[in-house]
Amino acid sequence: MAFSYSIEENILTVPVEISAIRGGNAIVNHDIFILAQEQSVKGVILDLAHVQFIDYTSIGELSVIAQRFKNLQIPFVICNPNEHISRLLQITNLKRIITIFPNRQQASEHILKTGNQFYPSSPF
């Protein structure tokens with residue numbers, strides 16, 4: 001799976017460009033962690049705007065991704081989950097470890113405002 005990204009205001013944004021994330025599909029690849037470190041980004045946004053479905057295995061992977069960025073001291077947030085994914089994130093308590101925003105702008109503003117803060121306070 002190919003990954004695209006953008007860096008604006010020193011925030012790395014990774015749009016997930018597939019409609020379904022199932023176990024075995026990598027959500028992000030190792031290069032994203034290296035890029036985030038090399039560019040000394042203020043934070044990372046995973047944009048789920050195109051994702052319609054995510055399974056429980058992939059929810060676990062999101063938790064691992066969040067922990068890896070936390071270990072690197074780089075804030076990691078999610079934006080644009082649909083209603084189904086948002087409910088799943090709530091049911092699995094992932095909102096306790098990852099801050100989730102309804103759109104990219106709010107996610108960016110949060111990272112710029114809070115910097116290296118790792119305690120989720122999801123408004124969504």
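Phe69 is a good place to start: this residue is buried, with a relative accessible area of 1%. Its ring and that of Phe76 have centres 5.4 Å apart and planes at 15 degrees, so the two count as stacked. Keep in mind that this is a predicted model. Below is a quick tour, from the rings to the sheet and the nonpolar cores.

**Aromatic cluster**

- Ring pairs join Phe33, Phe69 and Phe76 into a cluster, and the count of aromatic pairs comes to two.
- The pair of Phe33 and Phe69 is tilted, with 4.6 Å centre to centre and 35 degrees between the planes.
- Phe33 sits in helix H1 (residues 30–38) and Phe69 in helix H2, so this pair ties together parts that are 36 residues apart in sequence.
- Phe33 is buried as well, at a relative accessible area of 5%, and Phe76 is also buried.
- There's a charged neighbour too: Arg68 lies over the face of Phe33, at 3.7 Å from the ring centre.

**The sheet**

- Five strands make up an open sheet with mixed pairing, in the order E1-E2-E4-E6-E7.
- Strand E1 (6–8) and strand E7 (99–101) are at the edges with a single partner strand each, so one side of each has no neighbour in the sheet.
- From one strand to the next, the twist averages 25 degrees.
- Helix H2 (residues 56–71) packs on this sheet, where it touches strand E4 (43–47) and strand E6 (76–79). The direction of H2 makes about 140 degrees with that of E6.

**Who pairs with whom**

- E1 and strand E2 (residues 11–15) are antiparallel, with three bridges between them; Ile7 has Leu12 in E2 as its bridge partner.
- E4 and E6 run parallel and are joined by four bridges, with Ile45 opposite Val77 in E6.
- E6 and E7 run parallel too, over three bridges. Here Ile78 has Ile100 in E7 as its bridge partner.

**Strand E6, both sides**

- In a regular strand, side chains alternate between the two faces of the sheet.
- E6 is covered on both faces: Phe76 and Ile78 are buried on one side, and Val77 and Cys79 are buried on the other.

**Nonpolar cores**

- The largest nonpolar core has 30 residues, and those with the most contacts inside it are Leu46, Leu62, Phe69 and Phe76.
- At least two residues of this core come from each of E2, H1, E4, H2, E6 and helix H3 (83–91).
- H2 gives the most to this core, with five residues.
- Another core, of seven residues, lies apart from this one; Ile11, Cys79, Phe101 and Ile111 are among its members.

**A look at Thr13**

- Thr13 has its place in strand E2 and counts as buried, at 6% relative accessibility.
- Leaving aside residues up to four places away in sequence, Thr13 touches Ser4, Tyr5, Ser6, Ile45, Asp47 and Arg104.

**Pulling it together**

- Phe69 turns up in several of these topics: the ring cluster with Phe33 and Phe76, and the residues with the most contacts inside the largest nonpolar core.
- Phe76 belongs to that cluster as well, and is buried on one side of E6 along with Ile78.
- Cys79, buried on the other side of E6 along with Val77, is one of the residues of the seven-residue core.

Definitions and conventions. Residues numbered from 1 in each chain as written. Predicted model: local features only at pLDDT ≥ 70, side-chain atom pairs only at ≥ 80, totals over all residues. Heavy atoms only, no water. Pairing = 2+ DSSP bridges. Axes fitted to C-alpha atoms, helices over the stretch in contact; angles between N-to-C directions. Contact = heavy atoms within 4.5 Å. Phe/Tyr/Trp six-rings, centres within 6.5 Å; stacked < 30°, edge-to-face > 60°. Buried < 20%, exposed > 50% of the residue type's maximum accessible area, 1.4 Å probe, protein only. Lys NZ or Arg CZ within 6 Å of the ring centre and 35° of its normal. Core = buried A, V, L, I, M, F, W, Y, C linked by side-chain atoms within 4.5 Å.
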